[in-house]
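Me: I would like to work through this structure by question and answer, beginning with a pair of charged residues and widening out from there.

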Amino acid sequence: MPKRQTQGWAHAHGTEVKRHEDIHETGNECADQLTKEAITKGDPFFLPKCYLKSEIKSAALSICHDNWDNGETGRKTHDIVPGVSNKTVGWNREELMFVTGHGPFPSYLHRFNLQTHDNCSCGEKGDAMHYATKSRFTLSWHLRTTTVSLKLQWLKNILTNDLSRTRLRLLMRFICNENNLIVEDNH
């Protein structure tokens, strides 16, 4: 109520109502101070939980995206999946092995001194791409090769084509199950 109406009502009812600014009690001053701080600074304890969760997710995703863009590892995968998201890419184990190169490949095992060389039994570098396109031990699963300049688009196309993904999964399963046929170790 405006001041006049409040005073009129209070006078008519035989009471006197003082305006807030007329009261100089310590409790009210403290309340005024806290109100001013809450308005100017904001108080995270009074923010809705869903808002806080959203802000935390957004901040975490931003940090992950910065790390992904500026990192030194995973560059092959970064070229195929350049952004970070809360959504999964939908790849299964075999497809992840192919894209990352992490698996029973001589080139990968050699990095950790689990094998003395990084070559396939045919003599060429034994990485996932070699087995998918060139190795004589995996002819049944070969994918059509492309030029080096179109390699990235070729990989993206394979991962979006159901038939290619099926062939890729079969290839990776063969490599995992028959590793002794395609990897010759001289330990």
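Me: Are R165 and E95 buried or exposed?
Reply: This is a predicted model, and what follows is computed from it. R165 has a relative accessibility of 16%, and E95 has a relative accessible area of 0%. Because the cut-off for burial is under 20% relative accessible area, both R165 and E95 count as buried.

Me: What is the N to O distance in the salt bridge where the side chains of R165 and E95 meet?
Reply: The two partners come from distant parts of the chain, with R165 in helix α9 and E95 in helix α5, 70 residues apart. Helix α9 covers residues 162-177, while helix α5 covers residues 93-100. Between these two side chains, the N to O distance of the salt bridge is 2.8 Å.

Me: Which residues are joined with E95 into one network by salt bridges that share partners?
Reply: The side chain of E95 meets that of R165 in a salt bridge, and R169 also forms a salt bridge with E95, with the closest N and O atoms 2.8 Å apart. The second pair likewise links distant parts of the chain, since R169 lies in helix α9 and E95 in helix α5, 74 residues apart. Salt bridges with shared partners thus join E95 into one network with R165 and R169.

Me: Which residue has its backbone oxygen 2.8 Å from a polar atom of the side chain of R165?
Reply: The salt bridge with E95 is one contact of the R165 side chain. A polar atom of that side chain also lies 2.8 Å from a backbone oxygen, and this oxygen belongs to G90.

Me: How many residues apart in sequence are the parts tied together by the pair E94 and R173?
Reply: The side chains of E94 and R173 meet in a salt bridge with an N to O distance of 3.0 Å. E94 lies in helix α5 and R173 in helix α9, so the pair ties together parts of the chain whose separation in sequence is 79 residues.

Me: Which class of exposure, buried or partly exposed, applies to R173?
Reply: Its partner E94 counts as buried, at 10% relative accessibility. R173 has a relative accessible area of 39%, and because the intermediate class lies between 20% and 50%, R173 is partly exposed.

Me: How many salt bridges does a search of the whole structure find?
Reply: One is the pair of E94 and R173, another is the pair of R165 and E95, and R169 forms a further one with E95. The search of the whole structure gives a total of three.

Me: Where is K125, one of the residues in the patch of positive charge on the surface?
Reply: K125 gathers with K76, R111, K134 and K151 in that patch, and at 48% relative accessibility K125 counts as partly exposed. Its place is in the loop between α6 (106-111) and α7 (128-133).

Me: What is the approximate phi of N113, which is not a glycine?
Reply: N113 lies in the loop between α6 and α7, and it is exposed, with a relative accessible area of 65%. Although N113 is not a glycine, its phi is positive, at about 55 degrees.

Me: How many helices does the chain have?
Reply: The chain holds 187 residues, of which 24% count as buried. From the N terminus on, the elements run α-α-α-α-α-α-α-α-α-α. With zero strands present, the number of helices is 10.

Key:
Residues numbered from 1 in each chain as written. Predicted model: local features only at pLDDT ≥ 70, side-chain atom pairs only at ≥ 80, totals over all residues. Heavy atoms only, no water. Patch = residues over 30% accessible without salt bridge, like charges linked within 9 Å, V, L, I, M, F, W, Y side chains within 5 Å. Areas by Shrake-Rupley, 256 points an atom, 1.4 Å probe, with all protein chains shown as cover. Salt bridge = Lys/Arg side-chain N within 4 Å of Asp/Glu carboxyl O. Lys, Arg positive; Asp, Glu negative; His and termini not counted. Charge placed at Lys NZ, Arg CZ, Asp CG, Glu CD. Helix = DSSP H or I, 4+ residues; strand = E, 2+ residues; numbered from the N terminus. Buried < 20%, exposed > 50% of the residue type's maximum accessible area, 1.4 Å probe, protein only. Polar contact = N/O pair within 3.5 Å; in protein donor to acceptor, adjacent residues only side chain to side chain.
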